[in-house]
Protein chains: 2
Amino acid sequence: MPTMKDVARHAGVSTATVSHVLNGTRTVQPETSERVRIAIANLQYETNGTARNLRVRTTSTFALVVPDLSNPFFPEVAVVIQQEAARAGYDVVIYSIDVPHGESADLFEHYLRAIRRKRYDAVIYAETLLVTPTAHQQLIDSGTPIILIGGTPHPQADRVYIDNYAAVRDVMAYLVGKGHRTIAHITGAAGMASSSARQQGYRDGLLAAGIVPNPEFEVAGSFLYEGGYLGMQRLLERTPRPSAVFAANDETALGAMCACVDAHVSVPDEVAIVGFDDIALAANVRPALTTVYHGQREIGREAIRLAVSAHTQRTPEGGEEQKQTVIVPHRLIVRDSG
Amino acid sequence: MPTMKDVARHAGVSTATVSHVLNGTRTVQPETSERVRIAIANLQYETNGTARNLRVRTTSTFALVVPDLSNPFFPEVAVVIQQEAARAGYDVVIYSIDVPHGESADLFEHYLRAIRRKRYDAVIYAETLLVTPTAHQQLIDSGTPIILIGGTPHPQADRVYIDNYAAVRDVMAYLVGKGHRTIAHITGAAGMASSSARQQGYRDGLLAAGIVPNPEFEVAGSFLYEGGYLGMQRLLERTPRPSAVFAANDETALGAMCACVDAHVSVPDEVAIVGFDDIALAANVRPALTTVYHGQREIGREAIRLAVSAHTQRTPEGGEEQKQTVIVPHRLIVRDSG
DNA sequence: CTGAAAGCGCTAACAT
DNA sequence: ATGTTAGCGCTTTCAG
């Protein structure tokens, strides 16, 4: 691997000049500049990013931490984040902490240290059970800006999220509007902010329609397929059977739909199902899933905007910037399942 | 952010000593070592990876480039790769080049330069249309070991893949064994090695059963849902109608299944469908998809093994190591769709 | 068992 | 318009 010194020698200039033509950081004679370019091409030179980063004390890289790459929602936002970051001149490295149960905590610990060591310009965190306030604090203490996606607010972090509660109120109003009175809910993973906000929206949606929530109609899910499948099986045993179920996310809804098929219960005729997220798959199953769009494009775009701004605005020492919070719009997508 | 110098000062030792206790690279008096640890804890010190990487000329990081994060197959192998890499002490950064058509080439160009600049210890490449031999060559010339997943062999790169042809021969034998004679095929994306290998397996599977391939039964897909949906629609217009279709991958198969549902054609009664990959989703739709396991666990594991070995075995100057090639096992998974 | 000091490859004052 | 040079924070001879 040739270094800048090699290029300088070949072009008969100093490394300073090479650096400046590379970065366009001061005017250099066209002829000189040309010689440098030729040398670069001949030597197949490429800047050593490690050295550059050390010198400029910046990495032009963000870390993105997601709980689960197997739920398509996260790849969907990850892709947007990568595009937007590239457009803004940053790279992003994805840390996904879904692993065979048990190993997760270790891996997360490992990631956390790696993230601190790598000196990312910002870290973008999707809500995860493992991402505790303590974890945030470590990062914040090290001066890294944090952008939260969903989860709970933190005084020293920017945050972008959708209004889960309002979105679910929308689906409840829709379901009630279609005449459903016995509406069940399969919850998300216990302990997650999005789970409880959606649950609350479910309950209040019922109340608002003058229906008293029936605890029998609330079963625990996990945001995973299995949770939906098992939860639906339990719901199908209830009498009366719910005429509609709101699943905490699309994966859960898919599990619920499969449970219905396996039990020879027709969707949406015997039971309506609505999910949450509007992952691509929602439109690609039959019946197509009614759901709410989670704003993956907007979330990705805003997260990067916040990250870039947090990074560039950062005052050298101390001076706390005002943290921002942005709510992206949701939208009920009516399809065939409910 | 405190530096090693700060730690040294606080502990009353030299930076050399701090470095050595951190890396366990020479024996140091227990008492001294303890003082250093205390200072590290107090200051919340964490190694500056950038500086370290520059000095040791290694990044302990691999790049993984995948064509498409929205096809669950790739997240599935990415997750395994990350775990295995973490276990071996490496990080991996994922570059996904799926973007709204057209932008792809630019983004890929951008990624390629970023990858060269970042001095990854190895790059792992899943087959992509954009990853040309020229692209490989640039990386290889820069001395970065390359590990190919699937695709076509390259003399200077390791490679891990499954035997697509043999796998498809297995599915054809299975279908023929169930009495199917009119078997159609929805192909993968044009120009990809895995597409043609699977197509060849399809044709030869027919021939081996004494059936002459009917060009009408071969329709072009794209490895995407849409390709499967559209392809199936065309197949359903054929007379006679095929009694079975082999889709180039699971996403395609899902599209095909949806097309059948929409056309009121029953799967598997009127037409059997089999896919390829065995993504998690395959078991989570109804009817559950018959498919072939693509060895995502094995591919991930082997890719990292090759990457680590290519990185550590690398001879300082020139000396070409023997490139390795590993074939991971496939397995027909019979479910309900065919 | 420990320290001093030379760099890794680059950028950015500070010269000229 | 260009060159010299001092580091960025770390690891690792080389000395002791």
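Which residue in S9(B) does B:Phe246 stand opposite? I began my notebook with this question and looked it up in the predicted model. The residue is B:Val274.

**Entry 1: strand S8 of chain B**

I then examined the strand that holds B:Phe246. Strand S8 of chain B covers residues 244–247, and I found both of its faces covered. On one side, B:Ala244 and B:Phe246 are buried. On the other side, B:Val245 and B:Ala247 are buried as well. I noted the general rule beside this: in a regular strand, side chains alternate between the two faces of the sheet.

**Entry 2: the neighbours of S8(B)**

I looked up the strands that pair with S8(B). Strand S9 of chain B, residues 272–274, runs parallel to S8(B) and is joined to it by three bridges. Strand S6 of chain B, residues 183–186, also pairs with S8(B) in the parallel sense, here over four bridges. Within S8(B), B:Ala247 has B:Ile186 opposite.

**Entry 3: the two protein chains**

How many degrees of turn lay chain A on chain B? I recorded a turn of 180 degrees with a shift of 0.0 Å along the axis, and the RMSD is 0.0 Å. I therefore wrote down the relation as that of a two-fold axis. I also asked which residue of chain A comes closest to the rotation axis. It is A:Val93, with its C-alpha at 2.5 Å. For the interface, I noted that 100% of the interface residues of chain A are also interface residues in chain B, so the copies meet through the same surface.

**Entry 4: DNA strand C**

I counted 26 residues around DNA strand C, of which A:Met4, A:Tyr45, A:Arg55, B:Thr32 and B:Arg57 come nearest. Of the atoms of DNA strand C that come within 4 Å of the protein, 63% belong to sugar and phosphate.

I next looked up contacts to phosphate oxygens of DNA strand C. The side chain of B:Thr32 has an N or O atom 2.5 Å from one. For B:Thr17, a polar side-chain atom lies at 2.7 Å from a phosphate oxygen. For B:Thr27, the distance from a side-chain N or O atom to a phosphate oxygen is 2.9 Å. I listed the elements that give two or more residues to the surface near this strand: helices H2 (15–23) and H4 (49–56) of chain A, and helices H2 (15–23) and H4 (49–56) of chain B. H4(A) gives the most, with four residues. By class, I recorded nine nonpolar, eleven polar and six charged residues on the surface near DNA strand C.

**Entry 5: DNA strand D**

Which residues come nearest to DNA strand D? Out of 26 around this strand, they are A:Gln29, A:Thr32, B:Met4, B:Tyr45 and B:Arg55. Sugar and phosphate make up 61% of the atoms of DNA strand D that come within 4 Å of the protein.

I found a polar side-chain atom of A:Thr32 at 2.5 Å from a phosphate oxygen of DNA strand D. A polar side-chain atom of B:Arg52 lies 2.7 Å from a phosphate oxygen of this strand. With B:Asn48, it is a polar backbone atom that lies 3.1 Å from a phosphate oxygen. I noted H2 and H4 of chain A, together with H2 and H4 of chain B, as the elements that give two or more residues to the surface near DNA strand D. The residues of that surface are nine nonpolar, twelve polar and five charged.

Definitions and conventions: Residues numbered from 1 in each chain as written. Chains lettered and ligands numbered in written order. Predicted model: local features only at pLDDT ≥ 70, side-chain atom pairs only at ≥ 80, totals over all residues. Heavy atoms only, no water. Least-squares fit on C-alpha atoms with pLDDT ≥ 70 in both. Contact = heavy atoms within 4.5 Å. Near = heavy atom within 4 Å. Polar contact = N/O pair within 3.5 Å; in protein donor to acceptor, adjacent residues only side chain to side chain. Nonpolar A, V, L, I, M, F, W, Y, C, P; charged D, E, K, R; others polar. Buried < 20%, exposed > 50% of the residue type's maximum accessible area, 1.4 Å probe, protein only. Pairing = 2+ DSSP bridges.
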